[in-house]
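Here are a few exercises to work through with the structure open beside you. Try each task yourself before you read the solution.

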Amino acid sequence: MNIERFQTDALLQSVFKDGYELEAEKLETLYSKSKRHQWNAELDVDWKRFEPDVDVLDRKQDFLSRLECVQELPEDQQTSLFKTASLFTVSQILHGEQAALMVCGQLVNAVPDMDGKFAAAVQVMDEARHVEVFARYLECHGVRFPIDPDLKRIVEQLLAEHDWEAKCVGMQVILESVALSFFRMGEDMAVEPVFKEFIPRVHEDESRHVAYGVLALEARIPELAPESRERLENWTYDTVTRIAGRAGKPSFASQFQALATSKVDLEAFLPKLIRETSDGRKLDLEGLNDPMAQTVLPNLMRVGLLPERHVPGYLAQGFKLDLDEQKVTDIHTFHPETKAVREQYRERGLDFSDPVQAGQLGA
Ligand SMILES: [Fe+2]
Ligand SMILES: [Fe+2]
């Protein structure tokens, strides 16, 4: 196993408050709900039901199964490919859970009010349980892939970030919403019995975490000074761009190293995969749910972090935002509107993967 260790120096402003009454009623309700819904990863999951030879997730619902280059692989290679791809994702979720545990521990210190400290504290326990359950699950498979460099960069930035609002946006709204989407999908797609058993429990915990982030930020964002708010909007844009991987920079590229450990002959398979996925006319994207469009962007819109100036930049990534209707549509990167706005950025010499330049198109 490849175990990596990294350190970051976190400069954190910690707030002590001599005031113990809970103010925000909704947050208090979330806290009491969390106390009642604690579960035990060791005892409440029937680990004996683990089946090593079945798919983790239903391959028929996986995007990969729509590709010709996958369909033409022999059966045993397909099985190995789907298993490796699932375990790569579960490994990244595990590392994300550790990050959530650490960032949330910081939030206990940094959030200024008692409601927030309580909500963060109970979340720390939830995240410890998630780390435990995913680590244990990967142990059953005897496989764990290292943290992807893109995820590592985001985690380092989150840990080192000074403002609690930015930590809360990055962790509670962006990363947790991505995870929430995955768990929602995972509930439908899970095949392996143990995975199928614990995913709905993790899902329930995560919905509380996202709800906490959205509630806390909805109240806080309107109070921010314009320059702090602009910094946060840019920070948000940058993080979304790096996670969605739709701004011309590859994201989560270490999955190819992971796939090299499967039975698939990558030298023959990869060129076909790249050819097939870069031709928009041939791709069947119908009904695919991207976590960004489904959960992350609607939540960011709700808390007020998607400004008018970034609408063209998000469009260039295939996310069409309607701020009046509060609606997000995933039109993908092959759409004529996406191509047209990319062309405008190109003509103006602006790089839309950069939050400042992305905001200059209408200027
Ligand atoms: Fe979690
Ligand atoms: Fe969480």
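**Exercise 1. Find how far apart the iron ion (ligand 1) and the iron ion (ligand 2) are, and which residue coordinates both.**

Solution. Keep in mind that you're looking at a predicted model. Start with the gap: the two ions sit 3.1 Å apart, and Glu 127 coordinates both of them. Next, see what the pair does for the chain. It links distant parts: Glu 97 belongs to helix H3 and Glu 127 to helix H4 (residues 114–141), with their positions 30 residues apart. Last, check the surroundings of those two residues: Glu 97 and Glu 127 are both buried.

**Exercise 2. List the protein donors of the iron ion (ligand 1), then decide what its site is called from the angles among its four donor atoms.**

Solution. First, the donors: Glu 97 (OE), Glu 127 (OE), His 130 (ND1) and Glu 206 (OE), at 2.0 to 2.3 Å from the ion. Second, their spacing in the sequence, which reads E-x29-E-x2-H-x75-E. Third, the angles, which run from 87 to 146°. To count as tetrahedral, four donors need all angles between 85 and 135 degrees. The upper end, 146°, doesn't fit that range, and the site is irregular.

**Exercise 3. Do the same for the iron ion (ligand 2): what coordinates it, and where do Glu 206 and His 209 lie?**

Solution. Begin with the donors. They are Glu 127 (OE), Glu 176 (OE), listed twice, Glu 206 (OE) and His 209 (ND1), at 2.0 to 2.5 Å. Along the sequence, these donor residues follow the pattern E-x48-E-x29-E-x2-H. Now look at the end of that pattern: Glu 206 and His 209 both lie in helix H7 (residues 193–220), three residues apart, which is about one turn of the helix. Are they buried or exposed? The cut-off for buried is under 20% relative accessible area. Glu 206 comes in at 1%, so it is buried, and His 209 has 3%, so it is buried too.

**Exercise 4. Check the span of helix H5 (residues 149–160), then work out where its buried residues fall around the axis.**

Solution. Take the length first: at 1.5 Å a residue, the 12 residues should span 16 Å, and the end C-alpha atoms are indeed 16 Å apart. Then pick out the buried residues, which are Asp 150, Leu 151, Ile 154, Val 155, Leu 158 and Leu 159. Looking down the axis of H5, you'll find them within an arc of 165°, so they line one face of the helix. What covers them includes helix H3 (75–110), helix H6 (164–189) and helix H8 (226–244). Finally, look at the N-terminal end of H5: Asp 148 caps it, with a side-chain oxygen 2.8 Å from the backbone nitrogen of Asp 150.

**Exercise 5. Look at Gln 326 and His 332: what is the phi of Gln 326, and what is the phi of His 332?**

Solution. Recall the background: most residues other than glycine have a negative phi. Gln 326 has a positive phi, near 55°, and sits in the loop between strand E1 (319–322) and strand E2 (327–330). His 332 also has a positive phi, about 70°, and is in the loop between E2 and helix H13 (336–348). For accessibility, Gln 326 is partly exposed at 46%, whereas His 332 is buried at 17%.

Notes: Residues numbered from 1 in each chain as written. Chains lettered and ligands numbered in written order. Predicted model: local features only at pLDDT ≥ 70, side-chain atom pairs only at ≥ 80, totals over all residues. Heavy atoms only, no water. Helix = DSSP H or I, 4+ residues; strand = E, 2+ residues; numbered from the N terminus. Expected span 1.5 Å × (residues − 1). Buried < 20%, exposed > 50% of the residue type's maximum accessible area, 1.4 Å probe, protein only. Arc of directions from axis to C-beta. Contact = heavy atoms within 4.5 Å. Polar contact = N/O pair within 3.5 Å; in protein donor to acceptor, adjacent residues only side chain to side chain. Donors = N, O, S within 2.8 Å, 3.2 Å for Na, K, Ca; no water. Tetrahedral: all angles 85-135°; square planar, octahedral: opposite > 155°, others 65-115°.
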